[in-house]
There are 2 protein chains.
Amino acid sequence: MSDAPLDAGDDAVPWLFDEATTVHAAGDGRWDVELRDEFTIVNGHPNGGYLLAVLGRAAVAAVGEPDRHVVGATATYVSPPTTGPAQVHTELLRRGRTASQVRAALVQDDRVTVDVVMTVARLTDDPPAWGAVPPIELPDEATCRADRRTGRSAIPGLDEPPLTKVLRVSFDPAVLAFLSGEPSGRGELRAWLSLADGRPWDPLALLFAVDALPPATFEVAMTGWVPTLSLTAYIRAVPAPGPLTVRFRANVITGGRVDETADVWDSTGRLVAQSTQLAAIRMP
Amino acid sequence: MSDAPLDAGDDAVPWLFDEATTVHAAGDGRWDVELRDEFTIVNGHPNGGYLLAVLGRAAVAAVGEPDRHVVGATATYVSPPTTGPAQVHTELLRRGRTASQVRAALVQDDRVTVDVVMTVARLTDDPPAWGAVPPIELPDEATCRADRRTGRSAIPGLDEPPLTKVLRVSFDPAVLAFLSGEPSGRGELRAWLSLADGRPWDPLALLFAVDALPPATFEVAMTGWVPTLSLTAYIRAVPAPGPLTVRFRANVITGGRVDETADVWDSTGRLVAQSTQLAAIRMP
């Protein structure tokens, strides 16, 4: 990851995230998209949260009410898409007064690669009516950032995946044992998250944030990649300005699969997004 | 709920759950089903977990490998179906060596009412490779069962919804404050679960178990029904014989929506199923 200061932004230049998630109406519920190299991790495959954001933008466009956001998404990763042109096919399952539901499929070479159903509704700024998920405690962002291991990739032999130039992940130094090849066994990652060009977080970008960290199982065992079978994300509130904090936890590894849970807080400590995923894992 | 002893079963009579989830091949990935009155709660609408089990049975049939089970399901409840005839439309998204993915839609009167994507794979009996979700501690089943409030419905004016004859739910007396109209504010329900006719739990029936309790928000505030928008279930292991225990928790209520998490253990204390759902709620 670059150590350059976050770019304050230039009105003339669109933020990379907005450019990379642009959808162009192609008629009949279809949307042309261009999956960008910057959002890949390994082998040129785009990050799953980035794909969710692209599909989410198409889903909101399909509903056609710009003051609404994706508040829930369930995604099935059928096969890994490649970067380059693709199409999103949307189908409005239900238009409701308070919540609409849209199916969005990412299609490449006539094959569905990601199949998502999104719930699109209003997000309010009201404080929670009940309940809380207490924010994690992390060393401050500068301290996490100063750990030189933060910039290293979790993938052996790949020191700087393209995504690290887009997303500034500053890990809690306490969760980086896996980078030395000796996972702590705790199965938890914690980090600060900012978009590297300084773009503020918003509800759409939270879809990217919920799947932005390496597998939490890297702090359990050194394995190969841990491909997501199914991911569920809930967006709970419009995030306040400033960096996010995220906790990504593995719960149980059994039968070659693991469930992992992410919680995302904004800079005020408010829970703004949650996700859970089922992934395939081959234990050593 | 009936206080009759659990039926030991009669080989000549199929278990109700198996009868009520039967799917008949209608060709071209379509399956005829009959949604049964016994599995309804309010207004004649079938229970969401029951629908998940019906769709899961069709998904496994569509994959055509009888030794495989639904291990992950993401369901979107588009509109409430009614009891009676319906059709399940299945579409194989991916046939994989270790995991296949199937879309299954419940269709009534040419309308999709529930849209699900299922991951179908092998469940092993191996102990977990890592991690655990410690089982809840509950008074024993007989003690929970003896609390006469256990048989009462959480829905005002409806003392015995049909489902209570199918499913034996024995609540922890500590979580039944809501039945007196004074929720504890803790947002958690805990109970023993058995099928009333004595049918053993298996992976398919766990899809029913993950959504078998009233909304956990009933222990937060007296509200109307809390309709599920989206439900995600993971089946983690083949359950051991005996009753299940289940914990159903509300986490955060905000912007008119709540996330609720269920954990299900078998009689040995092993985590066998998990679910998370996003539901709509109107706070008083």
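This is a short talk that walks through a predicted model with two chains, A and B.

Hello everyone, and thanks for coming. Please keep in mind throughout that we are looking at a prediction. I'll begin with one chain, then go to how the two chains fit together, and finish with a few places to zoom in on.

Let's take chain A by itself. Chain A contains four helices and 13 strands. Its radius of gyration is 18 Å, and the globule rule gives 19 Å for 284 residues, so chain A is as compact as a globular protein of that length. If you lay a box along the principal axes, the C-alpha trace of chain A spans about 50 × 40 × 40 Å. Of its 284 residues, 51% count as buried. Contacts also reach across the sequence: among those in chain A between residues at least 6 apart, 72% join residues at least 24 apart.

Now, how does chain B relate to chain A? A turn of 180° with a shift of 0.0 Å along the axis lays chain B on chain A, and the RMSD is 0.0 Å. That is the relation of a two-fold axis. If you want to find this axis on your screen, look for B:Thr74: its C-alpha is the one in chain B nearest the axis, at 3.1 Å. Both copies use the same surface, with 100% of the contact residues of chain B recurring in chain A.

How many residues take part in the contact? There are 48 from chain B and 48 from chain A. On the chain B side, 23 of them are nonpolar, 18 are polar and seven are charged. Strands meet across the two chains as well: strand 7 of chain A, residues 130–131, pairs with strand 11 of chain B, residues 244–254, in the antiparallel sense over two bridges. To see one of these pairings, pick A:Trp130, whose bridge partner in strand 11 of chain B is B:Ile253.

Let's go inside. In soluble globular proteins, nonpolar side chains tend to be buried together. Here, the largest nonpolar core has 182 residues. The residues with the most contacts inside this core are Leu55, Ala59 and Ala209 of chain A, along with B:Leu55, B:Ala59 and B:Ala209. Take A:Ala209 as an example. Beyond its neighbours within four places in sequence, A:Ala209 is in contact with residues including A:Gly49, A:Leu193, A:Trp201 and A:Val264.

A good strand to look at next is strand 3 of chain B, residues 69–77. Nine of its nine residues are buried, so this strand is largely enclosed by the rest of the structure. Which strands does it pair with? One is strand 6 of chain B, residues 111–121, joined to strand 3 by eight bridges and running antiparallel. Within that pairing, B:Ala75 has B:Val116 as its bridge partner. Another is strand 10 of chain B, residues 228–235, which is also antiparallel to strand 3, with five bridges. There, B:Ala73 stands opposite B:Ala233.

From that enclosed strand, let's move to residues with fewer neighbours around them. B:Val107 sits in strand 5 of chain B, residues 99–108. Is B:Val107 exposed, partly exposed or buried? It has 17 C-beta neighbours inside 10 Å, so it counts as partly exposed; being buried would take 20 or more. B:Val107 is 22 residues from B:Pro85 in sequence, and their C-alpha atoms are 9.6 Å apart in space. Its contacts beyond four places in sequence are B:Ala86, B:Gln87, B:His89 and B:Val112.

Just along the chain is B:Asp109, in the loop between strand 5 and strand 6 of chain B. B:Asp109 has a positive phi of about 50° although it is not a glycine. With 8 C-beta neighbours inside 10 Å, B:Asp109 counts as exposed.

Chain A offers another such aspartate. Strand 1 and strand 2 of chain A form a hairpin with two residues between them, and A:Asp28 in the turn has a positive phi of about 60°. The two strands run antiparallel and are joined by three bridges, with A:Ala25 partnered by A:Trp31. A:Asp28 is exposed, with 7 other C-beta atoms within 10 Å.

To recap, we have two chains related by a two-fold axis, a contact of 48 residues from each chain, and a largest nonpolar core of 182 residues. Thanks for listening!

Notes: Residues numbered from 1 in each chain as written. Chains lettered and ligands numbered in written order. Predicted model: local features only at pLDDT ≥ 70, side-chain atom pairs only at ≥ 80, totals over all residues. Contact = placed C-beta atoms within 7 Å. Nonpolar A, V, L, I, M, F, W, Y, C, P; charged D, E, K, R; others polar. Pairing = 2+ DSSP bridges. Core = buried A, V, L, I, M, F, W, Y, C linked by C-beta atoms within 7 Å. Buried ≥ 20, exposed ≤ 12 C-beta atoms within 10 Å, placed from the backbone. Least-squares fit on C-alpha atoms with pLDDT ≥ 70 in both. Rg over C-alpha atoms; globule rule 2.2 N^0.38 Å.
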